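Please find below a short note on the structure, set out as numbered points. The points take up confidence, pockets, one backbone feature and the aromatic pairs.

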Amino acid sequence: MIFDHVGLFVADLETGRNHLERLLKVTRVEREIDDSGLKVRIQFLVDRAGIRYELIAPFGEGNPVSGVLESGKAILNHLAYRVENIDKEARRMRDEGSLPLGPARPAIAFGGRRVMFFLTPLRFVVELIEDSSESERMV
């Protein structure tokens, strides 16, 4: 597994971006992406240490963000990793006691490659992303 980003839930991208830019030394802001399949609007930002943050805002009814924001818990939502074989890694995650939070689904932000989320036994969320080279990633 190769680290990719930290996911943060926000009410809207502009507010989240403004706060993150003030808090951290953001060196790159990538374009906004609407993903109706995942029901989220996202934007990636990179700090001067090279850490990549994904801001995730609600995009339509039944999105995975609104309820979390209302609860005020799990705002720092997930750690994401690129994996060579998402199906194999998903089996390993299950074998290690992690619970899938849904099926693997295509994500626009990653060129249609599948993503899958797991709740780990330590109660934090890990996102698996089908591996792609930097040139294939939609940024």
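1. Two pockets deserve separate treatment, and the second largest is taken up here. It holds about 180 Å³ of space. Its lining is made up of Met1, Ile2, Arg82, Val83, Glu84, Asn85, Lys88, Glu89, Arg92 and Asp131. By class, six of these lining residues are charged, three are nonpolar and one is polar. Both β6 and α3 (86–95) contribute at least two residues to this lining, and α3 gives the largest share, with three residues.

2. The model is predicted, and its confidence should be read alongside every point of this note. The average pLDDT of the protein is 90, and 93% of the residues reach at least 70. Residues 134–139 stay under 50 in pLDDT; for this stretch the model has 16 contacts beyond four places in sequence.

3. The largest pocket encloses about 460 Å³ of space. Of the 23 residues that line the largest pocket, Leu38, Val40, Pro64, Arg105 and Phe117 lie nearest its centre. Two or more lining residues come from each of the strands β4 (40–47), β5 (52–58), β6 (76–83), β9 (114–119) and β10 (125–130). The lining of the largest pocket comprises 15 nonpolar, four polar and four charged residues.

4. The backbone at Lys39 merits inspection. Lys39 is not a glycine, yet its phi is positive, at about 60°. The residue sits in the loop between β3 (33–35) and β4. With a relative accessibility of 33%, Lys39 is classed as partly exposed.

5. There are two aromatic pairs in the structure. In one of them, the ring centres of Phe3 and Tyr81 are 5.8 Å apart and the planes meet at 80°, so the geometry is edge-to-face. Because Phe3 belongs to strand β1 (residues 2–9) and Tyr81 to strand β6, this pair ties together parts that are 78 residues apart in sequence. Phe3 has a relative accessible area of 37% and is therefore partly exposed.

6. How are the rings of Phe44 and Phe110 arranged? Their centres lie 5.9 Å apart with the planes at 70°, so this pair is edge-to-face. Phe44 is in strand β4 and Phe110 in the loop between β8 (105–106) and β9, so the contact between the rings ties together parts that are 66 residues apart in sequence. Phe44 is buried, at a relative accessible area of 1%, and Phe110 is buried as well, at 3%.

Definitions and conventions. Residues numbered from 1 in each chain as written. Predicted model: local features only at pLDDT ≥ 70, side-chain atom pairs only at ≥ 80, totals over all residues. Heavy atoms only, no water. 1 Å grid on protein atoms, 1.4 Å probe; cavity = no way out; pocket = protein on both sides within 12 Å on 5 of 7 lines; lining within 4 Å. Points joined across faces, edges and corners; volume = space filled by probe spheres on them. Helix = DSSP H or I, 4+ residues; strand = E, 2+ residues; numbered from the N terminus. Nonpolar A, V, L, I, M, F, W, Y, C, P; charged D, E, K, R; others polar. Buried < 20%, exposed > 50% of the residue type's maximum accessible area, 1.4 Å probe, protein only. pLDDT = per-residue confidence, 0-100. Contact = heavy atoms within 4.5 Å. Phe/Tyr/Trp six-rings, centres within 6.5 Å; stacked < 30°, edge-to-face > 60°.
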